[in-house]
Amino acid sequence: MSHHLKHGTIMGGVVVTPDLDAALADYQGRLGLDLVETGPLAADLAASWGCPESAGAPYAMLRPQSGAHCFIRLVEQADHPDFKPTRTYGWAAYELTVKDVFGWPDRLEGSGFRVIGPPKEIAGLPYFIPMQVLGRGDEMIYLNEVAMDTPSSDLPRAMSLTDHIFIVILAASDRMASVDWYRHALRLDEGDSYTLEYSMINAAFGLPAGTQTVITMVQNERLPILEIDDYPPEATVRPAHAGMLPPGNALVTLAVESFDDLDVEFLTEPVLRHGDLYMGNMAATVRGPSGELIELIETGLS
């Protein structure tokens, strides 16, 4: 496997899509993820996410062929007319570690993925070569080929053509307040900060070329977990259908060692959950400072 569970490990991400069958053709047929299960979204699970109106929605779960314990869950839901990617607070993107990033534009030709950032090296960030795509639900997926570890973190090399999520990107209403929350509430570590020309943000807000954005990493020792981004003052709260999952990149699942060590308020009481993702562990969901949904699974692993 290309990653091992410890406190803070990304165990999955939820994507909202308007057409589950079409999304499966993209994630399974083009990205090459393995289908694990399908069916209606369980009512108790939807309620635990604070999204009871999403109960019964068509749902599928996939994992990388590497066997890494990280799952992408697709939930079918009508688009929200006011949602625009990279314009609102919350989960902005999932970064997947991949092989042969320069071959991905051709592999995705004719799929539901729209390439909005072709593969390119980023000045000042030699550690990976990123590529950005939007899916059918306007979810943002980064396909990153790792080149080297950073001075403060170990970046995973892909063990299959498309491998697991290794960083989740948060569009923050207050970057440093979010960093402090993840440090104190979830017992994670503040990593390095970088200042760079962030083309996705600049394009989304019509900012002049050369506009700089500050991003801060959050990790557990050398395990990277979150990238927390400063967003311009024009950013807004993410619109969502009442009682339903937020559009796009909807929810992130993290492993935690023990609920007793956290300073959080669960949306509903933790419950024991089974299946490939949960493995008979307790799980519960919290809402972060930018409105993001974070499902926590108590693995007992530090």
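**Exercise 1. The largest cavity**

Task: In this predicted model, determine how much space lies in the largest cavity and which residues line the largest cavity.

Solution.
Step 1. About 60 Å³ of space lies in the largest cavity. The structure holds three cavities of 30 Å³ or more.
Step 2. The lining of the largest cavity consists of T86, A92, A93, M140, Y142, I169, Y198, M200, I201, D229 and Y231.
Step 3. Sorted by class, these lining residues comprise nine nonpolar, one polar and one charged.
Step 4. At least two lining residues come from each of β5 (90–98), β9 and α5.

**Exercise 2. The second largest cavity**

Task: State the volume of the second largest cavity and the classes of residue in the lining of the second largest cavity.

Solution.
Step 1. The second largest cavity has a volume of about 40 Å³.
Step 2. F83, P85, T86, W91, A92, D138, M140, R238 and N249 form its lining.
Step 3. Five of these residues are nonpolar, two are polar and two are charged.

**Exercise 3. The largest pocket**

Task: Describe the largest pocket by its volume, its lining and the elements that supply the lining.

Solution.
Step 1. The volume of the largest pocket is about 480 Å³.
Step 2. The lining holds 30 residues, and those nearest the centre of the pocket are I122, L125, F128, P130 and L196.
Step 3. By class, the lining divides into 17 nonpolar, seven polar and six charged residues.
Step 4. Four elements, β11 (189–197), α5 (199–205), β12 (212–220) and β13 (223–230), supply at least two lining residues each. The largest share, four residues, belongs to β11.

**Exercise 4. Helix α1**

Task: Identify which residues of helix α1 are buried, what covers them, and which residue caps the N-terminal end of the helix.

Solution.
Step 1. Helix α1 spans residues 20–30, and within it L20, A22, A23, L24, D26 and Y27 are buried.
Step 2. An α-helix has 3.6 residues a turn, so residues three or four places apart point the same way. This rule may be kept in mind when the buried positions L20, A23, L24 and Y27, among others, are inspected.
Step 3. The cover over the buried residues of α1 includes the strands β1 (10–17), β2 (34–40), β3 (58–63), β4 (71–76) and β9 (140–146).
Step 4. At the N-terminal end, D19 acts as the cap, with a side-chain oxygen 3.2 Å from the backbone nitrogen of D21.
Step 5. Just after α1, G32 has a positive phi of about 80 degrees.

**Exercise 5. The nonpolar cores**

Task: Determine how many residues the largest nonpolar core contains and which of them touch the most other members.

Solution.
Step 1. The largest nonpolar core has 46 residues, and Y27, L74, L143, Y182, L226 and L296 touch the most other members.
Step 2. Apart from neighbours within four places in sequence, L226 contacts W91, I167, V168, Y182, L188, T216, M217 and V218.
Step 3. A second, separate core of 25 residues includes Y127, V146, I169 and M200.

**Exercise 6. Two strand residues, V168 and Q219**

Task: Decide whether V168 is buried or exposed, and then whether Q219 is buried or exposed.

Solution.
Step 1. V168 belongs to strand β10 (residues 162–172). Buried means under 20% relative accessible area. The relative accessibility of V168 is 0%, so V168 counts as buried.
Step 2. Outside the four places on either side in sequence, V168 touches I10, W91, A93, Y94, I225, L226, E227 and V252.
Step 3. Q219 belongs to strand β12. Its relative accessibility is 5%, and therefore Q219 also counts as buried.
Step 4. A polar atom of the Q219 side chain lies 2.8 Å from the backbone oxygen of E221.
Step 5. Beyond four places in sequence, the contacts of Q219 are S152, S153, L188, D189, G191, P224 and I225.

**Exercise 7. Positive phi outside glycine**

Task: Locate D100 and R187, and give the phi value of D100 and of R187.

Solution.
Step 1. D100 lies in the loop between β5 and α3 (104–107). Although D100 is not a glycine, its phi is positive, about 50 degrees.
Step 2. With a relative accessible area of 37%, D100 is partly exposed.
Step 3. R187 lies in the loop between α4 (175–186) and β11. R187 is not a glycine either, yet its phi is positive at about 60 degrees.
Step 4. The relative accessible area of R187 is 31%, so R187 is partly exposed.

Note on methods
Residues are numbered from 1 along each chain as its sequence is written. This is a predicted model: local features need pLDDT of at least 70, side-chain atom pairs count only at pLDDT 80 or more; totals for chains, interfaces and linings use all residues. Side-chain values use heavy atoms; hydrogens and water are left out. On a 1 Å grid over the protein atoms alone, a cavity is a set of points where a 1.4 Å probe fits but cannot get out, and a pocket is an open set with protein on both sides within 12 Å along at least five of seven lines; lining residues have an atom within 4 Å of a point. Grid points are joined across faces, edges and corners, and a volume is the space filled by probe spheres set on the points. Ala, Val, Leu, Ile, Met, Phe, Trp, Tyr, Cys and Pro count as nonpolar, Asp, Glu, Lys and Arg as charged, and the others, Gly among them, as polar. Buried means under 20% relative accessible area, exposed over 50%, partly exposed in between (1.4 Å probe, protein chains only). Contact means heavy atoms within 4.5 Å. A polar contact is a pair of N or O atoms within 3.5 Å; within protein, one must be able to donate a hydrogen and the other to accept it, and residues adjacent in sequence count only if both atoms are side-chain atoms. A nonpolar core is a set of buried Ala, Val, Leu, Ile, Met, Phe, Trp, Tyr and Cys residues joined through side-chain atoms within 4.5 Å.
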